[in-house]
Amino acid sequence: MSFDIACKLARNAGIAMIVASAAFLSACQVRPLYSESSGVVEKLSSVGFSPASSRVEQQVRNRLIFLASRGAGEAVNPQYQVEIRATTSVADTLLTDSTDTSRAGRVTVSVTYTLRSATDNHVIKAGSRATTALVDFSEQEFAKQRAIRDAENRAADQVAEFVGADIAAALSR
């Protein structure tokens with residue numbers, strides 16, 4: 001008889017767990033980030049970006065403007081302001097022992113950003129992102145410098161994608 005009570009208790013506890021988890025999961029909302037109902041596209045089109053102080057920072061800024069406005073250009077009267085600072089570094093990774101020269105390397109672009117409301121200067125989101133692009137070094141100096149520049153551009157575009165996604169997620173809340 002006590003076995004029957006234990007079975008009923010276990011069954012009732014299992015049903016209660018299912019009902020509780022269903023109620024908990026019903027509070028979760030999964031929706032597309034750029035859906036029309038979220039209003040993210042309109043908010044992104046009203047984001048302004050700080051002026052750039054370096055070539056790599058300009059590359060990041062241009063890509064962010066393109067992503068935020070869907071190719072329409074900068075916002076005329078931004079409701080949000082993003083201050084970005086980008087740095088780049090080049091590291092040798094594959095040294096040739098006989099000549100003590102590098103054959104390959106990696107270029108890292110790091111961005112720190114702060115998203116603020118333009119009306120009250122309230123910080124909505126702040127963070128940092130970094131991306132690394134691999135590069136092969138030529139023995140010719142011009143080709144090496146051009147390869148580094150191309151790697152910086154690739155890394156800058158990639159890190160801008162990450163920052164743009166962070167900004168979109170912050171504005172969707």
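Among contacts between residues at least 6 apart in sequence, 63% join residues at least 24 apart in this protein chain. The model you are looking at is predicted, and its chain has 173 residues, of which 32% are buried. Its secondary structure comes to 4 helices and 4 strands. Follow the sequence from its start and you will read the pattern α-α-β-α-β-β-β-α.

Let us turn to the interior. The largest nonpolar core holds 33 residues, and those with the most contacts inside it are Phe-49, Val-60, Val-82, Val-111 and Ile-167. Several elements give two or more residues to this core: the helices are H2 (40–44), H3 (55–69) and H4, and the strands are E1 (47–49), E2 (80–96), E3 (101–117) and E4 (123–136). Helix H4 gives the most, with 12 residues. As a general background, nonpolar side chains in soluble globular proteins tend to be buried together.

Val-82 is a good place to look at this core in detail. Leaving out residues up to four places away in sequence, Val-82 touches Val-47, Gly-48, Phe-49 and Ser-50, as well as Tyr-113, Thr-114, Leu-115 and Ile-167. Two of these partners, Phe-49 and Ile-167, are themselves listed with Val-82 among the core residues with the most contacts.

Now move to Val-60, which is found in helix H3. Its relative accessible area is 0%, so Val-60 counts as buried. Beyond its neighbours within four places in sequence, Val-60 is in contact with Ile-84, Ala-86, Val-109, Val-111, Ala-156, Val-159 and Ala-160. The last of these makes a nice example of a contact between distant parts of the sequence: Val-60 and Ala-160 are 100 residues apart along the chain, yet their C-alpha atoms are separated by 5.4 Å.

That pair leads us to the packing of two helices. Two packed helices are described by the angle between their axes and the distance between the axes. The axes of H3 and H4 come within 8 Å and cross at roughly 40 degrees. Because of that angle, H3 is oblique to H4. The crossing in which H3 passes H4 is right-handed. On the H3 side, the contact is made by Arg-55, Val-56, Gln-59, Val-60, Arg-63, Leu-64 and Leu-67, while H4 brings Arg-149, Glu-152, Asn-153, Ala-156, Asp-157, Val-159, Ala-160, Glu-161, Val-163 and Gly-164. Sorted by character, the residues of this contact divide into 8 nonpolar, 3 polar and 6 charged.

Two residues on the H4 side deserve a visit of their own. Glu-152 lies in helix H4, which spans residues 141–171. Is this glutamate buried or exposed? With a relative accessible area of 12%, under the 20% cut-off, Glu-152 is buried. Apart from neighbours within four places in sequence, Glu-152 is in contact with Arg-55, Val-56, Thr-88, Val-107 and Val-109. Arg-55 and Val-56 belong to the H3 side of the helix contact. You can also look from Glu-152 towards Val-135: they are 17 residues apart in sequence, with 9.5 Å between their C-alpha atoms.

Further along H4 you will find Val-163. This valine has a relative accessible area of 0%, and therefore is buried. With residues up to four places away in sequence set aside, Val-163 touches Leu-64, Val-111, Tyr-113 and Arg-129. Val-163 and Gly-127 are 36 residues apart in sequence and 8.5 Å apart in space, C-alpha to C-alpha.

The strands offer a view of their own. Thr-108 has its place in strand E3. Not counting residues up to four places away in sequence, Thr-108 touches Thr-87, Thr-88 and Ser-89, along with Ala-130, Thr-131 and Thr-132. Thr-108 and Ala-133 are 25 residues apart in sequence, and their C-alpha atoms are 6.4 Å apart.

One last stop is the loop between E3 and E4, where Asn-121 lies. Most residues other than glycine have a negative phi. Asn-121, in contrast, has a positive phi, near 60 degrees, and is not a glycine.

Technical notes. Residues are numbered from 1 along each chain as its sequence is written. This is a predicted model: local features need pLDDT of at least 70, side-chain atom pairs count only at pLDDT 80 or more; totals for chains, interfaces and linings use all residues. Side-chain values use heavy atoms; hydrogens and water are left out. Buried means under 20% relative accessible area, exposed over 50%, partly exposed in between (1.4 Å probe, protein chains only). Contact means heavy atoms within 4.5 Å. A nonpolar core is a set of buried Ala, Val, Leu, Ile, Met, Phe, Trp, Tyr and Cys residues joined through side-chain atoms within 4.5 Å. Axes are lines fitted to C-alpha atoms, for helices over the stretch in contact, and angles run from 0 to 180 degrees between N-to-C directions. Angles under 35 degrees count as roughly parallel, over 145 as roughly antiparallel, 65 to 115 as roughly perpendicular and the rest as oblique. A crossing is left-handed if the near helix is turned anticlockwise from the far one by less than a right angle, and right-handed if clockwise. Ala, Val, Leu, Ile, Met, Phe, Trp, Tyr, Cys and Pro count as nonpolar, Asp, Glu, Lys and Arg as charged, and the others, Gly among them, as polar.
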